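This note is addressed to a colleague who is meeting the structure for the first time. It proceeds in numbered points, from the overall division of the chain to local features.

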Amino acid sequence: MTRLRTSVTDLLGLDLPIIQAGMSWASSSSPLPLAVSNSGGLGVVAAGPMRLPDLARVLDEMAAGTDRPWAVNLPLYRAGADEVIDLLLARRPPVLIASQGGPRRYLERFHAAGTRCLHVVAGVSHALKAAAAGVDGLVVVGAEAGGHPPPGMVTTQVLVRAVVSAVPSVPVIASGGVADGAGLAAMLALGAGAAQFGTRFLASSEATVHPSYQEAVIAAGVDDTRTVGHGLGVIRALSNDFTTRMAELEASGAEESVRRKVFQDSSLKDAALHGDVVSGKVEAGQSAGLIAEILPAAEIVSRITDEYAAAVRRLPQF
């Protein structure tokens, strides 16, 4: 198998610095993360929307389906997070990727269980706090990312450089706007040890989302997403009737209660599971405009690897 050694591959025992993002409904089952992990990257199970029995089943499928490292993504704000933590501690996943909460809540117990702990950050101050708490690595999310970009809307290029400079001893995974091997090369050049791919794996054969959702991602251009929900928990999603309505309310200075109702009446679940790409939250990153087809996850990993090699060869030499 092709190998590319970085700080992140050394930390996690990977062959390739390719991380599949934990994407709510898209990777709340085993096929996608298994395919990525068995291809040399890091597959990630999204625990956010899962009921405990379903999560337990998927964790067992992951353990049985690969001898390679894999991860679970846990948003700490989700209902029943403590029960999820207890389940994960019993199953001992190789890697935990936690977000939307402080690492001191979980770090000591997972380290005692032998799990590597990565924490998602959206700014330098958060990165410094997580590093001081003792996390093993950081996932740095820039403004181009789908789902929940940083409130300050700092681009991935700038934010990764800032975090790498602030905490040079902590391995960094760059996330946001990366869809191919050239993007991976760019992130490694900035000092990251890996790149996280979300929207690219959303458009994979194994992603468990509605075909209409995937078709909307494939059809999108680089300027076909927008951020909405400012002050409510901003998201980046494909432009549709929902985002247009939200943007109009935000521009007109509508009261928070009015904006909140429209924001909450639309859901990611409606888009991802039921195919409502008109009024649902079709969360995706700007990199949707770089994606032209749905491919098996293993082929995506292979193409990213080949594209990385080609990008490096294109670079001028002194």
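**Notes on the domains, sheet, hairpin and pocket**

1. The domain assignment divides the protein chain into domain 1, made of 7-208 + 291-314, and domain 2, covering 221-283. The reader should keep in mind that this is a predicted model. The C-alpha centres of domain 1 and domain 2 are 25 Å apart. To the contact between them, domain 1 contributes 12 residues and domain 2 contributes 10 residues.

2. The next point concerns the open sheet. It consists of 8 strands in the order 1-8-7-6-5-4-3-2, with parallel pairing. Strand 1 (18-20) and strand 2 (43-46) are the edge strands, each pairing on one side only. On average, neighbouring strands of this sheet are turned by 25° against each other, direction ignored. In general, strands of a sheet pair through backbone hydrogen bonds, either parallel or antiparallel.

3. At one edge of this sheet, strand 2 is joined by 4 bridges to strand 3 (residues 70-75), and the two run parallel. One pairing may be located by residue: V44 has A71 in strand 3 as its bridge partner.

4. Two helices that lie across strands of the sheet deserve attention. Helix 4 (residues 81-91) lies across strand 3 and strand 4 (95-99), and its direction is at about 165° to strand 3. Helix 8 (residues 181-189) lies across strand 1, strand 7 (172-175) and strand 8 (194-197), running at about 135° to strand 8.

5. How do strand 9 and strand 10 run, and how many bridges join them? Strand 9 (residues 225-228) and strand 10 (residues 235-238) run antiparallel and are joined by 4 bridges. Within this pair, T227 has R236 in strand 10 as its bridge partner. The two strands form a hairpin with 6 residues between them, and G229 in the turn has a positive phi of about 85°.

6. S267 is found in the loop between helix 12 (256-265) and helix 13 (268-272). Leaving aside residues up to four places away in sequence, S267 touches G280 and K281. S267 and A311 are separated by 44 residues in sequence and, from C-alpha to C-alpha, by 38 Å in space.

7. The last point is the second largest pocket, which holds about 160 Å³ of space. Which helix gives the most to its lining? Helix 14 (residues 297-314) does, with 4 residues. The lining residues of this pocket include A179, D180 and R200, together with L290, I291 and E293. Also among them are I300, R303, I304 and E307. By character, the lining of the second largest pocket comprises 7 nonpolar residues, no polar ones and 5 charged ones.

Technical notes. Residues are numbered from 1 along each chain as its sequence is written. This is a predicted model: local features need pLDDT of at least 70, side-chain atom pairs count only at pLDDT 80 or more; totals for chains, interfaces and linings use all residues. Side-chain values use heavy atoms; hydrogens and water are left out. On a 1 Å grid over the protein atoms alone, a cavity is a set of points where a 1.4 Å probe fits but cannot get out, and a pocket is an open set with protein on both sides within 12 Å along at least five of seven lines; lining residues have an atom within 4 Å of a point. Grid points are joined across faces, edges and corners, and a volume is the space filled by probe spheres set on the points. Ala, Val, Leu, Ile, Met, Phe, Trp, Tyr, Cys and Pro count as nonpolar, Asp, Glu, Lys and Arg as charged, and the others, Gly among them, as polar. Two strands pair if DSSP finds at least two bridges between them. Axes are lines fitted to C-alpha atoms, for helices over the stretch in contact, and angles run from 0 to 180 degrees between N-to-C directions. Contact means heavy atoms within 4.5 Å. Domain bounds come from an automatic or database domain assignment.
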